[in-house]
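Student: Before we look at this model together, could you take me through how its labels are assigned, setting each value against the rule behind it?

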Amino acid sequence: MIIINNFIEYKALEGQMVGFSEWYTIDQKQINRFAEATLDDQWIHINEERAKNECPFKSTIAHGYLLLALIPYLWKQIAEVRNVKMEINYGIENLKFGQAVPVGSDVQLQATVKSVTDLRGTVKVVVEAKLLIRNYSKPAYVGDVIFLYHFL
């Protein structure tokens with residue numbers, strides 16, 4: 001885990017791959033809860049029997065937006081940003097899903113700090129987020145996550 005205390009320390013990380021989260025297992029219970037919360041009950045996510053017979057992965061797969069929702073949790077395993085009075089998840093750009101994530105898969109976030117900009121006191125950070133899947137060559141997704149920080 002890296003620790004970032006201020007803009008200068010963040011800026012020093014620009015262009016660097018800063019680390020990996022722990023592996024996180026996607027289970028059916030979480031997929032079902034996400035489907036319920038988002039009203040996205042497509043069979044490929046929640047119907048285990050049908051997915052076993054009709055899905056190319058022979059199992060259900062995680063929602064793409066479930067995998068995106070894990071970014072803040074996994075990012076905090078890579079970096080601890082201190083001395084912040086407010087942090088805002090500002091956006092995601094250039095995101096591409098590359099590989100479905102079958103239930104029971106382990107995923108891991110790889111993070112690269114692409115840019116750090118001081119916008120008159122608000123620090124804008126663009127982090128390339130790549131979600132790796134254990135034993136798969138292609139990532140689940142790659143995209144640029146944008147955070148805004150207000151340091152003390």
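**Reading the labels**

Tutor: Phe-147 counts as buried, because its relative accessibility is 1% and the label is given under 20% relative accessible area (exposed is over 50%, partly exposed in between, with a 1.4 Å probe and protein chains only). The model is predicted, so local features need pLDDT of at least 70 and side-chain atom pairs count only at pLDDT 80 or more, while totals for chains, interfaces and linings use all residues. Residues are numbered from 1 along each chain as its sequence is written, and side-chain values use heavy atoms, with hydrogens and water left out.

Student: What makes Tyr-10 and Tyr-149 a tilted pair?

Tutor: Rings of Phe, Tyr and Trp (its six-membered ring) pair if their centres lie within 6.5 Å, and planes under 30 degrees apart count as stacked, over 60 as edge-to-face and the rest as tilted. By this rule the count comes to six aromatic pairs. The ring centres of Tyr-10 and Tyr-149 are 5.3 Å apart and their planes stand at 50°, so this pair is tilted. Tyr-10 belongs to helix H1 (residues 7–11) and Tyr-149 to strand E8 (residues 141–151), so the pair ties together parts 139 residues apart in sequence; helices (H or I, at least four residues) and strands (E, at least two) are DSSP runs, numbered from the N terminus.

Student: Why is the pair of Trp-75 and Phe-147 called stacked?

Tutor: The two rings lie 5.7 Å centre to centre with 20° between the planes, and the label stacked follows because that angle falls under 30 degrees. Trp-75 lies in helix H6 (residues 71–78) and Phe-147 in strand E8, so this pair ties together parts that are 72 residues apart in sequence. Ring pairs also link Tyr-10, Trp-75, Phe-147, Tyr-149 and Phe-151 into a cluster.

Student: How do you know that Gln-30 is buried?

Tutor: Gln-30, which lies in helix H2 (residues 28–38), has 12% relative accessibility and therefore counts as buried. Its side chain makes a polar contact with the side chain of Tyr-24 at 3.1 Å, where the rule asks for a pair of N or O atoms within 3.5 Å (within protein, one must be able to donate a hydrogen and the other to accept it, and residues adjacent in sequence count only if both atoms are side-chain atoms).
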